[in-house]
Amino acid sequence: MKQKMKNFYFLLFLEMLILLSGCSLYNNNDKSANTIRIGVALYTQDDTFISSIIQNLEKIAHQTENEDLKINITIMDGKFNQTKQMEQIDQLIRRGCNFLCVNIVDRTAASVLIDKAKEADIPVIFFNRQPVSEDIERWEKAYYVGSKAEEGGKLQGQIVLDAWLNNKNIYDKNNDNIIQYVMLEGEPSHQDTLLRTEYSVKTLTDNDIVVEKLASDNANWSKSQAVNKTSEWIKQFNNSIEVAFANNDDMALGAIDAFIDAGLDVPLIVGVDAIDDAIKSIKNGKLYGTVKNDAYGVADTMLNLILSLYNDEKIDLKLKDGHYLWLPYEIITIKNA
Ligand code: GAL
Ligand code: CA
């Protein structure tokens, strides 16, 4: 055979191998092995908490596999772009995925996506970015796995409340019995931004603590954006910030860096997620506390849901309102870090 021909057949062979893995176009009707094909669409791959969910998902899927059951996971990065993510969903459906796990870019855009899944009869599990209930209710095979955003906010407020009540002499820098605070917020209109922001502060005011908001702004879950915002605020308020709430840990860690860069003591700062760096920071006495957002739990719950649906054991599912699987948040401070 001429070399050119050989190369051609070799490439063809490679192509076939690629197509046979993941959600492939050609193995739709392959009944020989029991393979579950999961298509995962992410709002971005560049997010600490989301990466941790995906690592857990791949690990647990691998542990679940056996001779009779294979699990293929195909991951698509939406790169913050809803239009791009819709194309990726189309691709995953065309490639024959049995299940979709969607971390939707724009949570108000879920209805179109659910209609696509419904038309193809592929169950769709949203996670972490919660669609509005009217959308989820469009189809009985649309689900949401996550934690209740307002509970995260309440627990964050609880951490600050306890610290303030026990050590007001340390945290009330100007001795006016009022908490001067700043709020680093996630993406606008994300449920975790809106509700964590609201309920963290409400927990304090409900307990008769007087608060004064010095400043708040979106830092979009990003550490570097949080460093910039906090540095501006430090200049503006001359070391009078007593508490910094951050809607997540990456931003809380950014705030800590800003105080250290400014040569100041780190005030009372709280985050959400309990990512590894946050736990380290708590142990180093920098971050005061965080609220654990259960990355493992999200991955494990999605996989269990998929397995139940795959085995047609829907009766066993403890779905709330027919669509929801809720995971609890948990307070983490130096006491249990
Ligand atoms: C939140 C989490 C953030 C970020 C965001 C993405 O639940 O606390 O760190 O990952 O989800 O949707
Ligand atoms: Ca004060």
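## Polar contacts to the ligand

In this predicted model, a polar atom in the side chain of Asp-192 sits 2.6 Å from an oxygen atom of ligand 1. Taken alone, ligand 1 exposes 310 Å², and the protein buries 99% of that.

Two other side chains can be described in a similar way. Asp-273 places a polar side-chain atom 2.6 Å from an oxygen atom of ligand 1. For Asn-128, an N or O atom of the side chain is 2.6 Å from an oxygen atom of the ligand.

## Who stands around it?

Let's meet the neighbours. Ligand 1 is surrounded by Tyr-43, Asp-47, Phe-49, Asn-128, Arg-129, His-190, Asp-192, Arg-196, Trp-221, Asn-248, Asp-273 and Asn-293. Sorted by class, this shell holds five charged, four polar and three nonpolar residues.

Where does ligand 1 lie with respect to domain 1 and domain 2? Domain 1 (27–147 + 295–327) and domain 2 (149–292) both give residues to the shell, so the ligand lies between them.

## The space it sits in

Now for the empty space in the protein. Rolling a probe the size of a water molecule over the atoms shows where such space is left. Here the count comes to two cavities of 30 Å³ or more.

Which cavity holds ligand 1? The ligand sits in the largest one, which contains about 100 Å³ of space. Its lining is made of 13 residues. Nearest the centre of this cavity are Asp-47, Phe-49, Asn-128, Trp-221 and Asp-273.

Methods: Residues are numbered from 1 along each chain as its sequence is written. Chains are lettered from A and ligands numbered from 1 in the order in which they are written. This is a predicted model: local features need pLDDT of at least 70, side-chain atom pairs count only at pLDDT 80 or more; totals for chains, interfaces and linings use all residues. Side-chain values use heavy atoms; hydrogens and water are left out. A residue is near a molecule or strand if one of its heavy atoms lies within 4 Å of it. A polar contact is a pair of N or O atoms within 3.5 Å; within protein, one must be able to donate a hydrogen and the other to accept it, and residues adjacent in sequence count only if both atoms are side-chain atoms. Accessible areas come from the Shrake-Rupley method with a 1.4 Å probe; for residues, only the protein chains shown count as cover. On a 1 Å grid over the protein atoms alone, a cavity is a set of points where a 1.4 Å probe fits but cannot get out, and a pocket is an open set with protein on both sides within 12 Å along at least five of seven lines; lining residues have an atom within 4 Å of a point. A molecule sits in a cavity or pocket if more than half of its atoms lie within 2 Å of its grid points. Ala, Val, Leu, Ile, Met, Phe, Trp, Tyr, Cys and Pro count as nonpolar, Asp, Glu, Lys and Arg as charged, and the others, Gly among them, as polar. Domain bounds come from an automatic or database domain assignment. Grid points are joined across faces, edges and corners, and a volume is the space filled by probe spheres set on the points.
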